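Biologist: I'd like to learn how to read a sheet and what packs around it. Can we go through one together?
Modeller: Sure, have a look at this one.

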Amino acid sequence: MSNQNNVIKRRGQHNFPKKKVLCLVSNAALLEGMQVGFFAEEMTRPFFDFINAGYDVDVASPNGGAVIFDAHSNPENPHGAYPNDLISIGFVHHTTFGKWMENTIPISNINVADYDAVCVAGGGAPLITFKDDVKLHQLIADFYEAGKITCLICHGTSLLLWTKLSDGKLLADGKTWTGFADSEEEMINQMFGKKVNEYTIETEARKNNQTTFEVAGPLEPFAIRDGRLITAQQQHSSYLASQMVIEALSK
């Protein structure tokens, strides 16, 4: 007879309310002469979790059309750091989903009312492409003010530095959130032997005394939910973010 003190039982949820989520990624950009895109796992892991929850999921980008993984995060790049990212490999080779990388929906075609949540991935391009994209800032504000769950991951959280609500205040004001940490930016700088990004999310966020920005240790999984706003520190936090989105949409 087994010792009941050693028996662990765990139940999970299989059936979830039907929802529709928009996964949003950056179009490609040039950074230090290199073409960069979005961090693979920061879109594909939430996408995978949402699909498994039975959600309908679309993939969009500011300009629409083709998008790319950051080379660093591309599991099929022999020089990349994530060769075991099976979810991203499965996504790009999926008969239907893989084609979306060549033809994402432009945000101009997005109707916020069609969705229950938005989930924005980070990567190398967002700090470049998101900063001055007023239409993208407005889309995120529209999602939030429509009562939708608004999830931002890693460099995707840079949108909170600029997105303003209809009252003129930053969405980040009065909120507690996280994003890619300065300690992690320094790891990138050390890798390339120079300062890679012109500015960092943590440094800019801490200039705003109306918001509370928090981070865990470098590369530690960390995510925060503050009402309808969900933020995650980096790629290792993607699964925490998607779990929080699913929990929020299940209430």
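Biologist: What is the order of the strands in the open sheet?
Modeller: Keep in mind that this is a predicted model. The sheet has 7 strands, and going across you meet β5-β4-β1-β6-β7-β11-β10, with mixed pairing.

Biologist: Which are the edge strands?
Modeller: Look for strands that pair on one side only: here they are β5 and β10, the latter covering 223-226. At the β5 edge, the partner is β4 (residues 56-61), and the two run parallel, paired over 2 bridges. Within that pairing, isoleucine 105 of β5 sits opposite alanine 60.

Biologist: Which strands does helix α1 touch?
Modeller: Helix α1 (residues 40-52) packs on the sheet against β1, β4, β6 and β7, and its direction is at about 160 degrees to that of β4. Then there's helix α8 (residues 238-249), lying across β1, β6, β7, β10 and β11 and running at about 180 degrees to β7.

Biologist: What is proline 106 in contact with, sequence neighbours aside?
Modeller: Proline 106 belongs to β5. Skipping neighbours within four places in sequence, its contacts are Ser61, Pro62, Asn63 and Gly64. Proline 46, by contrast, is 60 residues from proline 106 in sequence and 20 Å away in space, C-alpha to C-alpha.

Biologist: And which residues touch the most other members of the largest nonpolar core?
Modeller: The general idea is that nonpolar side chains tend to be buried together in soluble globular proteins. In this model the largest nonpolar core has 71 residues, and Leu24, Met43, Phe50 and Trp177 touch the most other members. Take leucine 24: beyond four places in sequence, its contacts include Ala60, Pro62, Ile107, Val118 and Phe130.

Methods
Residues numbered from 1 in each chain as written. Predicted model: local features only at pLDDT ≥ 70, side-chain atom pairs only at ≥ 80, totals over all residues. Heavy atoms only, no water. Helix = DSSP H or I, 4+ residues; strand = E, 2+ residues; numbered from the N terminus. Contact = heavy atoms within 4.5 Å. Pairing = 2+ DSSP bridges. Axes fitted to C-alpha atoms, helices over the stretch in contact; angles between N-to-C directions. Core = buried A, V, L, I, M, F, W, Y, C linked by side-chain atoms within 4.5 Å. Buried < 20%, exposed > 50% of the residue type's maximum accessible area, 1.4 Å probe, protein only.
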